[in-house]
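Dear colleague,

I am handing over the structure below, and my notes on its surface and its charged pairs follow. Please read them with the structure open beside you.

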Amino acid sequence: MSNLIHKRWFQTLVAAILVSLLILLLNKISFFFQPFVTYIGAIAVPLIGGGILFYLSRPVLHLLEKYRISRIGSIVIIFLLYILLGFLIVQFIAPIAQEQFTRLANNLPRMIEMLGETITYWQQNQGIIPSEFDGTIENVINNLQTYLQDASKIVINVISQLIGFVFALVLIPFFLFFMLKDGEKLTPFISQFLSKRAGNSFRKWAHSVDQTLQAFIIGQMTVSVVVGLLLLVGYLIIGLPYSLTLALFAMLMNVIPFVGPFLAVIPAALVAFFQDPILVVWVAVIMIVAQQIEGNFVSPNVMGKALSIHPLTIITLILAAGGLAGFLGLIFAIPAYAVIKATISHFYQEWIDQREQT
């Protein structure tokens, strides 16, 4: 028994050394993979965008095919539905959102000025603020102009990246078309080059990953839309300015699991504070109600327990991915983890089954 334990420890140690050497070797020849990384980066946006639309469109595709509509005909109908949706957004939603965003941008300098006046007032009343915060407040006031200049640089950088992003968006419809047309042929195509046992294992793994991605994408999009609509109704009820723009921002932020709702409420709370401080309380109430409805009714019925990821794991992943990959890391950390988890679970189950058969 002792020899067996030592043997296992020795094997584990050797495996760790080999993995470390492999990582070191890959780091030394990283230049070899640079063209592949560049290629993947160039197609990442249309590939990811097409993949998201593929999972959103596939239930409609299968529904249309049940009514004996051909695959190409179903795809054409789906594209027409997307065009109709885009037309409705441009015709009815975009003008209002643009007008509200323009007014918000025009009022932003006044809000910043009011914030500076408020901080100055608080600073002059030393009894209100503890002395420990004096240095921090003075630093904020002295560097406020620098912060604004840095923000303008960030905006210019975002705009330049946005131009390249728009060009990549043009390719999404082409990726979506071929994914809808031939996406389900990929697994059988790869399986034919494998042995019968390996092919069955690959099909099970592909199905598990496919279901995981579908649950996350459809679920997260549905949750974001529902929360955005709930917040829009709430903001309109309390008379919050720029309600549509703030609700659209919240809808976008809710794509980020767990931390998205907290990011979504920040601009709404700031706008409410400058409009009427009591509105901040109502904004908080509306956000809590929306999150309760989403957490107790929407998510359990849409996502179910398909992902079954502990909240602490989500927080850890969000913090790590945000630090490593920024905004994109926040969005894709959870689905990437879910896919890795499904992959490990699949191969672990395969190993268990193989041991039981021997």
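Helices here are DSSP runs of H or I with at least four residues, and strands are runs of E with at least two, numbered from the N terminus. This is a predicted model, in which local features need pLDDT of at least 70 and side-chain atom pairs count only at pLDDT 80 or more, while totals for chains, interfaces and linings use all residues. Residues are numbered from 1 along each chain as its sequence is written, and side-chain values use heavy atoms, with hydrogens and water left out.

Leu-88 lies in helix α3 and, at 37% relative accessibility, counts as partly exposed, because buried means under 20% relative accessible area and exposed over 50%, with partly exposed in between (1.4 Å probe, protein chains only). Leu-88 belongs to a nonpolar surface patch, whose members also include Val-60, Phe-92 and Leu-248, with about 920 Å² of accessible area together. Such patches are made of residues with over 30% relative accessible area and no salt bridge, like charges being joined within 9 Å and nonpolar side chains (Val, Leu, Ile, Met, Phe, Trp, Tyr) within 5 Å; the areas come from the Shrake-Rupley method with a 1.4 Å probe, and for residues only the protein chains shown count as cover. Helix α3 (residues 71–124) gives the most to this patch, with nine residues.

Taking a salt bridge as a side-chain nitrogen of Lys or Arg within 4 Å of a carboxyl oxygen of Asp or Glu, the count comes to six. In one of them Arg-103 pairs with Glu-99, with the closest N and O atoms 2.6 Å apart, and both residues lie in helix α3, four residues apart, about one turn of the helix.

Best regards
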